[in-house]
Amino acid sequence: MDPNDETPTGCDLLFMGGYGRRKRRITIGEVELEIKQGRSNGELSGLVWPSSIVAGEVILIRYKDGKGKKALELGAGCGIGSLIAASKGWTVTATDTEIGLSDLHRNMTSANMSAAEASGGSVTVAPLDWSTFDPSNFNMTHFDLIIVSDCLNIPSLHDSLVSILSNVSTDASVLITSQLRRLQSERSFFLKLLEAGFCLNELELPQSVPFNDQQRAFLYVVEAVKGNHDGGLIPPLASILKQEPKVEEKSTEGGDEEDYPDGLYL
């Protein structure tokens, strides 16, 4: 497998149900969201990826007290992580590329924001292109939490992502949720985080995550914090990365094959 190949891999087949729908109703905890899916200029950021649902579940368990705190989401896509954090009182800045911003704006509806408004949280949408990131031009507001959901699928952007995290994290917790696609490149990414001075802790996948055992085998959660912090310092990669699971069959629940985005069937 070419570590620089940016094409979605076979594990995406396990999560195909729902990708072909224009709207998806998602419930995370007590928060109900209606997500409008789309593909801005052919990009896949406007789809509901499983890692974003995992991020929402983890936020409700581990980062549920957000009042008076600020969060940043990188590569926010549909904004699920941001919406869930805001529902717990967080003041969130949701970022993506200029192309991806339309997906974010499309889902910041009054209905989706109702839980945030009730808890005093908020979401502000802002552009942030990793490939052209310049710390001197970025508003270096103190963040208490940084959400990175399904952002490891393009190995060529790993260095830029590590650079951004090194510049904006300070003492923030960095929540990384991902779907295992490329074993070697993802192992390399976590090694780079360690070299940048982060402590990595693997978190348990919440039982509330709505996926079966085969799907769960491809999902993992890592918390990264700069410096020497208490907690289990994991090896250079989360244990889920030690052995790549195998895909036994694909799921087509939720629509006909022709309804799904191009390029996800391999």
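A residue counts as buried when its relative accessible area is under 20%. F190 has a value of 0%, so this residue is buried. F189 also has a relative accessibility of 0% and therefore counts as buried. The model examined here is predicted.

The overall make-up of the chain was assessed next. The protein chain contains 7 helices and 9 strands. It has 266 residues, and buried residues make up 51% of them. Its accessible surface comes to about 12100 Å². Carbon and sulfur atoms account for 45% of that surface. Contacts between residues at least 6 apart in sequence were also examined. Of these, 77% join residues at least 24 apart.

The nonpolar interior was then considered. The largest nonpolar core holds 39 residues. Five of its members touch the most other members: I35, V54, I80, I84 and L175. Helix α1, spanning residues 50-62, gives the most to this core, with 6 residues. Another core lies apart from it and comprises 29 residues. V148, V162, I176 and L180 are among the residues of that other core.

The surroundings of I35 were listed without residues up to four places away in sequence. On that basis, I35 touches R22, K23, R24 and I26, among others. Its contacts also include V48, C78, I80 and L83. N107 and N112 complete the list. I80 thus appears twice: as a contact of I35, and beside I35 among the core members that touch the most others.

I80 also belongs to helix α2, where it is buried. This helix covers residues 80-87. How many of its residues are buried? The count is 8 of 8, and the helix is mostly covered. The buried set runs through I80, G81, S82, L83, I84, A85, A86 and S87. Two of these names recur in the core: I80 and I84 are listed with the members that touch the most others. L83, another buried residue of α2, is touched by I35. G89 follows α2 and has a positive phi, near 95 degrees.

Aromatic rings were examined last. A pair of aromatic rings is described by the distance of the centres and the angle of the planes. The count comes to 2 aromatic pairs. F189 and F190 form an aromatic pair with 5.4 Å centre to centre. Their planes stand at 75 degrees. Planes over 60 degrees apart count as edge-to-face, so the F189 and F190 pair falls in that class. Ring pairs link F189, F190 and Y220 into a cluster.

Conventions. Residues are numbered from 1 along each chain as its sequence is written. This is a predicted model: local features need pLDDT of at least 70, side-chain atom pairs count only at pLDDT 80 or more; totals for chains, interfaces and linings use all residues. Side-chain values use heavy atoms; hydrogens and water are left out. A nonpolar core is a set of buried Ala, Val, Leu, Ile, Met, Phe, Trp, Tyr and Cys residues joined through side-chain atoms within 4.5 Å. Buried means under 20% relative accessible area, exposed over 50%, partly exposed in between (1.4 Å probe, protein chains only). Helices (H or I, at least four residues) and strands (E, at least two) are DSSP runs, numbered from the N terminus. Contact means heavy atoms within 4.5 Å. Rings of Phe, Tyr and Trp (its six-membered ring) pair if their centres lie within 6.5 Å; planes under 30 degrees apart count as stacked, over 60 as edge-to-face and the rest as tilted. Accessible areas come from the Shrake-Rupley method with a 1.4 Å probe; for residues, only the protein chains shown count as cover.
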